[in-house]
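Let's take a walk through this protein together, starting from one rule about surfaces and working along to the contacts that hold the eye. Keep the structure open while you read.

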Amino acid sequence: MAFSELFTADALSALGQVLAIDLVLAGDNAVAVGLAAAALPQEQRRKAILIGLAAAVVMRIGFALITVQLLAIVGLLLAGGVLLLWVCWKMWRELQEQKTHDQAEAQHELELALAIEHGKGPSPEELGLKRKTFGAALLQIMIADITMSLDNVLAVAGAAHDHPWIMVFGLVLSIALMGVAATFIARLLNKYRWIGYVGLVIVLYVAVHMIWDGYRSVVVRTGNLEQHNAAAPGFLDISPKEVAKHTRGLEGQGSSAATSTPPPVQAGSAPAPAG
C-alpha cells in the first residue's frame with residue numbers, strides 16, 4: 001500500500017468513525033462490568049474484574065484475527081450490519097433511560113458502578129443484592145465483556161473494513177481504552193451526554209453502510225449482477241468499480257460468478273482459435 005493511500009479522505013473518515021466508536025463503547029463497558037461485580041464481596045471484586053478484563057483482551061484479539069476472514073464470507077457483512085442495528089437500538093434505549101434520570105442520581109449510579117469496578121463500594125447486602133459465588137459473578141462479567149467486545153469489533157470492522165490498518169488500530173485502541181481510560185470516559189459520557197448521541201449516529205451510519213455494501217456484495221458474488229441492474233433504478237446500479245471492490249482477492253477461487261463468466265460470443269462471429 002502506498003503511503004499516500006493511508007491519508008485519503010475515505011481513510012481519514014473511517015479513522016474518525018473508529019475513534020468515536022471506541023470512545024463511546026469503552027465507557028459503556030466500564031459501567032456494565034462494574035455493575036456485574038456488585039454481587040461479590042469487596043475483596044473479590046477487583047480480582048474478578050481483572051480476570052474478566054484479561055479474557056476480554058483475548059477475545060478482542062481473537063475477534064480481530066478472524067474479522068477480515070469472516071467479512072469475506074458471502075452475506076456476513078450484510079448480517080453484521082443488521083446485528084449492528086440492534087446495537088444502535090440498545091444504545092438508543094440506554095440514552096433514553098438516562099434522560100429520565102435526575103443528573104445527581106445518574107452521577108451517583110455511575111460513581112457506584114465505577115467504585116465497584118475498582119473493588120470498592122458498598123457490600124452486596126447494603127445494595128440489596130444476594131451474594132453470588134465467585135464463579136457465577138465471573139461468568140456474568142465475562143458475558144458482559146463478550147457482548148461489549150462483539151459490539152465494538154463489529155462496529156470497528158464495519159467502519160474500517162476497506163482499510164485493514166485502521167481496523168487493526170481501532171481494535172488495539174479499544175483494548176487500551178478498556179484497560180486504562182474506561183473510567184474517565186464513562187464520567188465524560190455522563191457529563192456530556194451529547195457525545196453518546198454523536199456516537200449513536202456514527203454507529204447507525206456504519207450499520208446502514210454495512211447493510212448497503214453487504215447487499216451489493218451478495219448480488220455480485222452470487223452472480224445476480226445483471227438481474228439486479230436490469231430491475232433496479234439506474235441510480236442503484238452496481239458499477240464495474242463496485243464489482244472490482246467486492247471481488248477483490250477472490251480471483252482463482254471460483255467464488256464470483258459475476259467475474260468468472262466469460263463474455264457471450266456474438267451471433268455470427270467466429271470462435272477464437274485454440275492455442
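A residue is called exposed when its relative accessible area is over 50%, buried when that value is under 20%, and partly exposed in between. With that in hand, have a look at Trp-194, which is found in helix α7. Its relative accessible area is 57%, so Trp-194 counts as exposed. Now find Leu-95, which is 99 residues away from Trp-194 along the chain. The C-alpha atoms of Trp-194 and Leu-95 are separated by 9.5 Å.

Before going further, keep in mind that this is a predicted model. What is the secondary structure made of? It comes to 10 helices and 0 strands, so if you read from the N terminus on, the elements simply go α-α-α-α-α-α-α-α-α-α. The protein has 275 residues, and 40% of them count as buried. Take the contacts with a separation of 6 or more: 83% of these are accounted for by residues 24 or more positions apart. The accessible surface comes to about 14,900 Å², and carbon and sulfur atoms own 68% of that.

Back to helix α7, since there is plenty to see there. How many aromatic pairs does a search of the whole structure find? The search turns up 1. The pair is Trp-92 with Tyr-197: their ring centres are 6.4 Å apart and their planes sit at 75 degrees, so this is an edge-to-face arrangement. Trp-92 belongs to helix α3 and Tyr-197 to helix α7 (residues 194-221), so the pair ties together parts that are 105 residues apart in sequence. Are these two rings' residues buried or exposed, or something in between? Trp-92 is partly exposed, with a relative accessible area of 37%, and Tyr-197 is partly exposed too, at 27%.

Further along helix α7 you get to a charged partner. The count of salt bridges comes to 1, and it is formed by Glu-242 with Arg-216, whose closest N and O atoms are 2.7 Å apart. Glu-242 sits in helix α9 (residues 240-246) and Arg-216 in helix α7, so to speak a link between distant parts of the chain, 26 residues apart. Where do the two residues sit with respect to the surface, buried or exposed? Both Glu-242 and Arg-216 are buried.

Ser-217 lies in helix α7 as well. Its relative accessibility is 10%, which is why Ser-217 counts as buried. Leu-78 is 139 residues away from Ser-217 along the chain, yet the C-alpha atoms of these two are separated by 8.5 Å.

Something similar can be looked up from helix α1 (residues 9-36), where Gly-27 lies. Gly-27 has 2% relative accessibility, so it counts as buried. Which distance separates the C-alpha atoms of Gly-27 and Leu-177? It is 8.8 Å, with their positions 150 residues apart along the chain.

Now turn to the outside. A nonpolar surface patch of about 510 Å² is made by Ile-61, Leu-65, Ile-66, Leu-70, Ile-73 and Leu-76. Which helix gives the most to this patch? That is helix α2 (residues 42-71), with 4 residues. Leu-76, another member of the patch, lies in helix α3 (residues 76-100). At 33% relative accessibility, Leu-76 counts as partly exposed, and a patch takes residues with over 30% relative accessible area, so that value clears the cut-off.

Another stop brings a charge and a ring together. The charged end of Lys-47 sits over the ring of Phe-134, at 5.3 Å from the ring's centre.

Finally, drop in on helix α8 (residues 225-231), the place of Glu-226. Glu-226 has 68% relative accessibility, so it counts as exposed. Its C-alpha atom and that of Asp-237 are separated by 9.5 Å, and the two residues are 11 residues apart along the chain.

Notes. Residues are numbered from 1 along each chain as its sequence is written. This is a predicted model: local features need pLDDT of at least 70, side-chain atom pairs count only at pLDDT 80 or more; totals for chains, interfaces and linings use all residues. Side-chain values use heavy atoms; hydrogens and water are left out. Patches are made of residues with over 30% relative accessible area and no salt bridge: like charges are joined within 9 Å, nonpolar side chains (Val, Leu, Ile, Met, Phe, Trp, Tyr) within 5 Å. Accessible areas come from the Shrake-Rupley method with a 1.4 Å probe; for residues, only the protein chains shown count as cover. A salt bridge is a side-chain nitrogen of Lys or Arg within 4 Å of a carboxyl oxygen of Asp or Glu. Helices (H or I, at least four residues) and strands (E, at least two) are DSSP runs, numbered from the N terminus. Buried means under 20% relative accessible area, exposed over 50%, partly exposed in between (1.4 Å probe, protein chains only). Rings of Phe, Tyr and Trp (its six-membered ring) pair if their centres lie within 6.5 Å; planes under 30 degrees apart count as stacked, over 60 as edge-to-face and the rest as tilted. A charge sits over a ring if NZ of Lys or CZ of Arg is within 6 Å of the ring centre and within 35 degrees of the ring normal. Contact means heavy atoms within 4.5 Å.
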